[in-house]
Every structure is written in structure tokens, then in C-alpha cells.
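Visitor: Please pick one part and take a close look at it with me. I would like to know how it packs and what lies around it.

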Amino acid sequence: MTPVNFYIYISLALFPITDIFVISMDISENHENLKHELKEKLKCVSSRQDLEKIKLEYIGKKGILNQLFSKMTDLAANERKDFGARLNVLKNEIETIINDFSNNFSQPNTSEYDELYNSLPGKKPEIGHTHIITQAIREIVDIFKPLGFTRVRYPEVDWEYFAFEALNMPEDHPARDDWETFFVDLPFDKKMGRVVLTPHTSNGQVREMLKGKLPIRMLNISRCGRRQIDISHGPTFFQFEGLVVDKNINTTHLKGVLNYFAKNFFGPDRKIRLRPYDFRFTEPSFEVDIDCGMCHGKGCKLCKGGWHELGGAGMVHPNVLKAGGIDPEKYSGFAFGWGVERTYMMKSGTKIDDIRHIFANDLRFLEQF
Amino acid sequence: MNVLIPYSWIKDYIKTNADAKEAARILSLHCFSVERINKVNGDDVLEVEVTPNRGDALSVIGIARELNVVLPRNGFKCEWVGKKSEVFHPASTDDCLEAVIKDKTLVPRFCAVVLSNVKIGESPQKIKARLESVGIRTLGNVIDVTNYMMIDKGQPMHAFDYDKIEGHKMIVRESKEGEKVVTLDGVERKLPEGVIVIEDGSGRLIDLCGIMGAKNSEVDESTKKVLLFVQAYDPVRIRKASMSLGHRTEAALRFEKGIDFEGIIPALYDSVEMLHEIAGAEVSSDLIDIKNVERNVKSIPVDYEKINKIAGIDIKPEVVDQTLSDLGFENRNGFVVVPSWRYEDIEITEDLAEEVIRIYGYHNLPGRLLTGEIPVTERDDSYYWEDVVKDLLKHLGFFECYTYSCTKKENVSATALKIVNPLSEDLLYLKTSLLPQLVEVLDKNQSYRDKIKLFELSSVYFSNGKDLPLQQQFLGIVTKGIVKIELRGILEVIGDEMGIQDDSPFEISDFGNGKFGVEINFEELVKKATKEKTYIPLTNFNSIKEDLTFSIPRGVLYPQVRSLILDSDERIYKLGFKDIYKNALTFAIEYLDREKQISSEDTQEIRKKIFEKLEKIGVRLKV
């Protein structure tokens, strides 16, 4: 609906003209209204077409004036004369208003190329792109914020102590192999161990606990590093880690929060499931799956039996709480740590087939986000 | 670790009305993820991802045990039909083996038996087909049986040619650095120190324990007597050896996860029975069973309340008891005894809770949002300013990039920290500047368009003695195809947006070919930023605007001229750089009097003051 039509629609509602007008006692007042309304309408005219429409509406064959003239036959003879005279005056006035307007009306930018010009797109200012990782992080932060989670950042290059020992992964534990950690050429510290590129954001768990403030609702988003490059791993990647520590935190809270995240991030029709898993720093531990966006859980070429692994989660292991100076008899908690890129790639319709694109910085890729 | 488990094989242990697909679904929900089901020769072979703590489940019996617990809880019939292992009766005890174990921790349990009259040949079709379906090559009946038992019971075993063991003597010890052994695959392996090996009576190494047997003692077509060898080794040593040799065999992967101590003898019994059936083997020695480690009964108190606290729902004590007992835990007055196959894995109440809740089903738990106190935290403004700057730059036409944390030597400063185990030379150092990698991105994308503007907001890492490196967020900006003054303008806009008063300029690096770059310590920048805005009252008087062009002599710089003009009169409301041509510098000036309407006479007066001030440094109005 164009603005002009919209206006007419409104005005008809405000000034019901035809029938009520005829039986109205004060003819002249109605004539004034009619003229006023016409003037208002003309103010909104922006093209010749609009003007022609108004002409037809008022002085066309089936226009308002002719309709009024046709009502004359319903009147008694003595009334008819007076009514006719007034109507003729009105007709002259209306024609004058329209003609005056028409003479002075010049359509902006009218030219023979109008049609072509109007078919052109707008001239866009040149706008860049925030990176897909930034966009994902913002969305993640936005989703967790209403639940009282606060974003933090901990060292990307950290001591083995925080990356492993404090997380119940002693030296020589096979679990440490799975992380394929990069080591930095710095001296070994008796207490803290070697310096590593943190292989996960879980290094923030005990650091957050050691701040000494309870309860905890932490959202740690940071760069990590692992010795892996393939279709689904890069040597640098981002993780987001949630940590909740409070009294009476249990598995149903973990499930509720992750479900809330999944519905908000992936869409209300997507589902998650928790599967048993084994991590040293949580007990019980879970692997969290999201149903496949392509086949919706039926199973297809892209997924594992209808599901994609999102990442790990679990109830914080009592030894980790102890390392953070928290009494596991009084407090409990849950944690999860997932890859930002990986999680983004699970969104319906993203269709990124290789995680390495994300750090390749090809502008043809980045401009798509 | 993923294992292949044929569904028909599982049915040696359980009788159920669940089909493979249903079993896989239920197994995934309660136990282990079944990643796919492969059809092999008409059988459904489950590919199961067994979690690292569950070495016991790297076997058909292990998976069957789990299914026997979970299938009935999901509405399927399931009955245990696994056969008990039969104790063997030696035909003779003529043969013997002298075992010398140097260090008891090397081999917690050492079991063996000698078999005579062995007729080497092919295995029956059923065994061949089952091995084939899990991807194991058939290598004759004796070897096939050892492999079969590894899949069936999760117990790796080895068969020696008894007559090739010199002196029928074995010395179990750790290797010395540089010792060599040729393994069954024909590869000569030079050993590091500390690998568990076996030396025979003549001093030859005849086994790379837990990883692969040696060629010199292998079973071949002429073998008559077999030493069947079933052990539990020290998992840590096996893992280290297997890793450092780069030889990750199926046997090693199982040994390093720990072996069911009480499963060794049944596995040995079963294989003796099979070898008797398919190779005519007769036992010709006593059972050798040396326990080097005494395993105490491990019992854990069942804390029902804690289990419920962890679960967040009410699981009745009867249900807890039943679940644990179905999983093989023996209930003894409020304590449970951990089954031998879970000995290493179950330690504390939380472990029991995990068992109970997973069998109950995580999918059967409700989800609840958090209640309780909301933590009071101090807002960290750096995230706010990150967003402001990123959005600003985006709207100014910039592409945001993220580059790797590590880079090559040419890209870093002399004090950069080195990675001990890099993936490649290109990822050898922690980056000390964002710019080199961003310039690389610029070069890589040069055909994208004429003007390219990139930024990255990421950490750089500076050496900090023995301590953790300093790691601060830096903002790196690189451009191509825009003039320097335009880049400077962008930097000033960043300052404006962040409310930064201090306008000390940023250093712009010239990378040649129209490429410029700037790097800013973002954390320092944030310290200067403010969200505070102060309102200057508006006046109803109009200002007067004009442009003035001055001719600037050599040696005079913009800031000096600017501050002289501003100092001339307080009615100079705004002063901006407008244009420059050669040394003709144009300012846009706005005059405003807050007390009264400013007149052209007033501006004339101000202008005169300006000219006087500038005259002193040789700056004159351009006419």
C-alpha cells in the first residue's frame, strides 16, 4: 500500500462522505470538509499517477461530485434548486483546487529515464564485516548474559598446573595426550610445571575459583591451541567455557542451561542430548550432542547417526573444587567447554565444510558473514 | 578409542529381542556412542567409541555386559547366555617354563600354559568371518585364537613357539637404551630405555611385551608346541613404550587402559578350549599364574543422598542398589565392592553416582534453569569497548581477521617465545605483533579490490623472564589503497568514539606499495577511554563559519598553528583541518559568542588577533 492510498483509507474512515453527507443537515459544513480533505490529500501527492487518481476520485465519471449530483433526484423540488446551486459552486471550487495544484505540480526528477532510474538499486555505503568468530562470541555472550553469566578471559599461554594438574589430570595421565599440547620454551617451574598454549578454556576454572567469590557463573571465552590441523581442527581456535559453582547445583541444572543455550543458539526445533563420557575434571561427565540440522536426527552422511558432537560437559570433580579452595561437601557445580567455531558450524544452514576456512582470512569467505 | 563389535557376536552373551539399531541407540544413550553400524557379510558391526576410562568395554563381553543392564530398562527382553569358562585338565605336566621377573611392577600378573600336539592350520570359517568383520587378518588357527580372545574378552594374548624359547626360560625386564628387536611385522625396532621386554635363556629378546611379539619366537607352520601367554602389564610403561616407538597396536591400546585382573584366567581357559577344538592342542604343563600385585577388595560406601544431590532427582535406594548390582557391584551393607573389570575406574561416590544416573538415563532427567543467588560481579569495560571499536571499524569498511597465535621467525621480534613442539616452521614462535600476519593477509587478498582495510583484535605475547609471558590485547590495522591521512582520520575517529581526550598520534608503519599499518595496545587504550559525556549548554545565538587558508613556512607544523589559533580568542568555537595544497593549509573555523549574537565586526576582530599570533611564526593568510 502506498502512502497516498493509505491516507485515503484513513480519511474515508474519518469523514464518511457520501450517504451521511446527503442526509446531513448542514450541507455547507460538509462541503467545507470535502474541500479540506481534498487539500490534505493533495499534500501527499508525489507523482502524476497519484494526482490522476485523486482527479478521478473527485471529478471523474463515478467521482464523489457526480455521485452527489445523482442524489438530487431523491430530493423534493424546492430543495433541489438550492442543493444544485451549492453543488455547482462546490464543483467549481474543487476543479480550481485541482487545476491550481496540477499547474504548480512538478514531479521531482521526472524524466524519460524515470522507469530505469527507479529500477536501480540504492548506492550502498561500503561496509565491512566483523569476523564469524566475533559474531558467534557475541551471540553466545548474549544468550548466557540473562542467566547471570559474566564474561571473563584468562591467560592463553598458561601454566600446566592450571591447564592440567588443577583439573585432576596428573603428569603422565594418558588423558593429557588427547590434548596434543603446544609447549613454550620456558624453564620448568617446580610448582606450576611447564608453560603451554592452553589446550582448552578449562584453565580458567580453578583460576576463577581462586578469586574467592561465590557463587560463580563464569563464561570464559578465549583462544586455545592444539597440535592438530585437519578439516575439523586448527592449531588456534576459540572455546567458550561455562562454570557454575553454588550450593545444590545438580545435573538437571546443567541439562537445563545447555538446553536453553541450544534452543536459543540453534533454534527452537533443535534438540540436544547428553551421553556418558569421561573427563578427568568432571564426574559425571557428558558429551553433548545436537541433532543434525540436515536430517533432524534421522541419520545422514554428514552426521553420526543423526547427531553431531558439540563438546564436553559435566559436574565439577570434587578434586577440582578442592584445587580452587572450595569445599566440595558444601558446594557443587557444573562446567562445559565447547569450540566457538565448531558450535557455529553446527548452526542450520551455515554449510562451512572445513574449519580451516575460518582462520584463512580469505576476504571472499569473510564477506559472506 | 573406537572398537568394532559384531552384533551377532554379542549374541554369544545375551539373548534379546532388540535389533542392532535399537541396541546401538540405547547403548549411545546410556553407555558409549555408537558412531555407525557397518554391514559386513550380512552382519551388523557396531563401531563403538569407548571412553578412555573403560578399557573393560573394548571387548564383546564388555559391550554385552552393558547391554544386559540397559536393554531391559528400555523395554527389551534380555537374558545373559554367556558360558562359564571351563577349567582345563592337563594331559601331562612334562613341560615347564622358568620365569624370572626382575621387577614385580612390570607385570602385575603373569600367566602362561604350554600346549602340545598343536596342528597348525586354518581356522574354521566362523572364526575367520568374525575376525574379518572386525578388520583383523586371519593368520592361522593359533594366532587367530589369540586375536579372537582379544576382541571377545578384551584380553590381548601372545603365542610363542615353545621350542624357540631357549632354555624354556624367560627373563622379564626393562630394556636398555639401544637394544634391538625384530618384531612379528619384520621391522627392526631400536628400543629406548624402560620398555618391558623378555629375554630367553640365550639372552635374545623374544618379546616386545604388550605391543608385539618378536620374529625369533613366532609360531609358524612347523610349530608343535605353543606357549600361550596371558598377562597384565604396567599400563604406564606400555603406553610410554608404544608412544615412543610409534607403534600403537590393538594389544597395546588395551594393555595401557588396564586389564581385568580376574578376567585373565577365564580368557586363558577359553583359548585353551578353543585350541583343543580347532588345533588338537593338549595342555602339557601346569598353569603358571604369578600374581605380583595383591589386589585388595575395593569397596565404596553408597551415599544415596549424595547420589540424589548430584542427579537432582529422587532415585530410590532400591533403584540405586539394583542398578549397581546389575553392573556387577556386590552390595555389602551400605558398601559396594567394585567388580574386577572396573577396578581402576571407580574410586569415589561421584563415580557411583555417574553409574546410577547414566543407567537411569540422562535423557530421562528434567532440565532446570539456575535458581539461587546471582553473583555480583564488576563489569569489565574492555568487552564494551571491543564491541564499540569492532562495530565502528566494520562500518568504516574494515574486515575483521583472526590469525594464528604462532607464526614464523621473520614475523617476530628477537625476544619472541619459541614453541618447543611446533607443527611447522611457520608456527614456531608466539607472535609479538599482529601486523606481519595481517600484511600477509593483505597480500593474499590483493586482487580482491583496490582498497582493502583489515583489523584484528588479539593477544600478542611478550617474554617476561621465567614467568608467564605478558599477553595483552592489541588492535592491529592494515590498509591498502588509502592515503595515510585517511588512515589517520580513522584512528582519530576511534579515539573520538572512545571518548579519548589525549590525541597523541599513533605511529603508522609504511609497508610499501600503498600498504600502511598501525598497532595499538588496546588495553592501554581502554584505560584512557571514557563513557562520560559532558553537556555544553546550547545557545540561541548563531555561529559564523568561515574557511581561512594560510601559507605555512618550512619548519612550522600543524599542531603549533592550531593551538595558536585556538589561543587567540575564546569565541573560536570549533577549529578543524579542512584541506591542504602544497603549503597552503585551510582551516574551517566557527565563531560563537555565548553572551550575544556574534557580528561580522566581532569576527573581524578575532581574525585580526589570529593573524597577529600567527605572524610571529611566519604564518600568513594566503591571498
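Guide: We start with a pair of helices, then move outwards.

This is a predicted model, where local features need pLDDT of at least 70, side-chain atom pairs count only at pLDDT 80 or more, and totals for chains, interfaces and linings use all residues. Residues are numbered from 1 along each chain as its sequence is written, while chains are lettered from A and ligands numbered from 1 in the order in which they are written.

Take helix H10 (residues 317-326) and helix H11 (residues 349-360), both of chain B. Helices are DSSP runs of H or I with at least four residues, strands are runs of E with at least two, and both are numbered from the N terminus. The two axes lie 10 Å apart, at an angle of about 95 degrees. That makes H10(B) roughly perpendicular to H11(B). Axes are lines fitted to C-alpha atoms, for helices over the stretch in contact, and angles run from 0 to 180 degrees between N-to-C directions. Under 35 degrees is roughly parallel, over 145 roughly antiparallel, 65 to 115 roughly perpendicular, and the rest oblique.

Which residues meet? From H10(B) come B:Val320, B:Thr323 and B:Leu324. From H11(B) come B:Leu352, B:Glu355, B:Val356 and B:Ile359. Contact means C-beta atoms, placed from the backbone, within 7 Å.

Now look across to chain A. The contact takes 72 residues from chain B and 70 residues from chain A. Several elements of chain B each supply at least two residues to the side that touches chain A, among them helix H2 (20-30), helix H12 (381-395) and strand S24 (452-462). H11(B) gives the most to that side, with six residues.

Next, the interior. The largest nonpolar core has 223 residues. Such a core is a set of buried Ala, Val, Leu, Ile, Met, Phe, Trp, Tyr and Cys residues joined through C-beta atoms within 7 Å. Buried means 20 or more other C-beta atoms within 10 Å of the residue's own, exposed 12 or fewer, partly exposed in between, with C-beta atoms placed from the backbone. B:Leu454 is one of the residues with the most contacts inside this core. Beyond its neighbours within four places in sequence, B:Leu454 touches residues including B:Phe398, B:Leu438 and B:Val478. Apart from this core lies another, of 13 residues, with B:Ile565 and B:Val619 among them.

Finally, the partner. Chain A has 16 helices and 10 strands. Of its 369 residues, 40% count as buried. The C-alpha trace of chain A spans about 115 × 50 × 40 Å along its principal axes.

Key
Contact = placed C-beta atoms within 7 Å.
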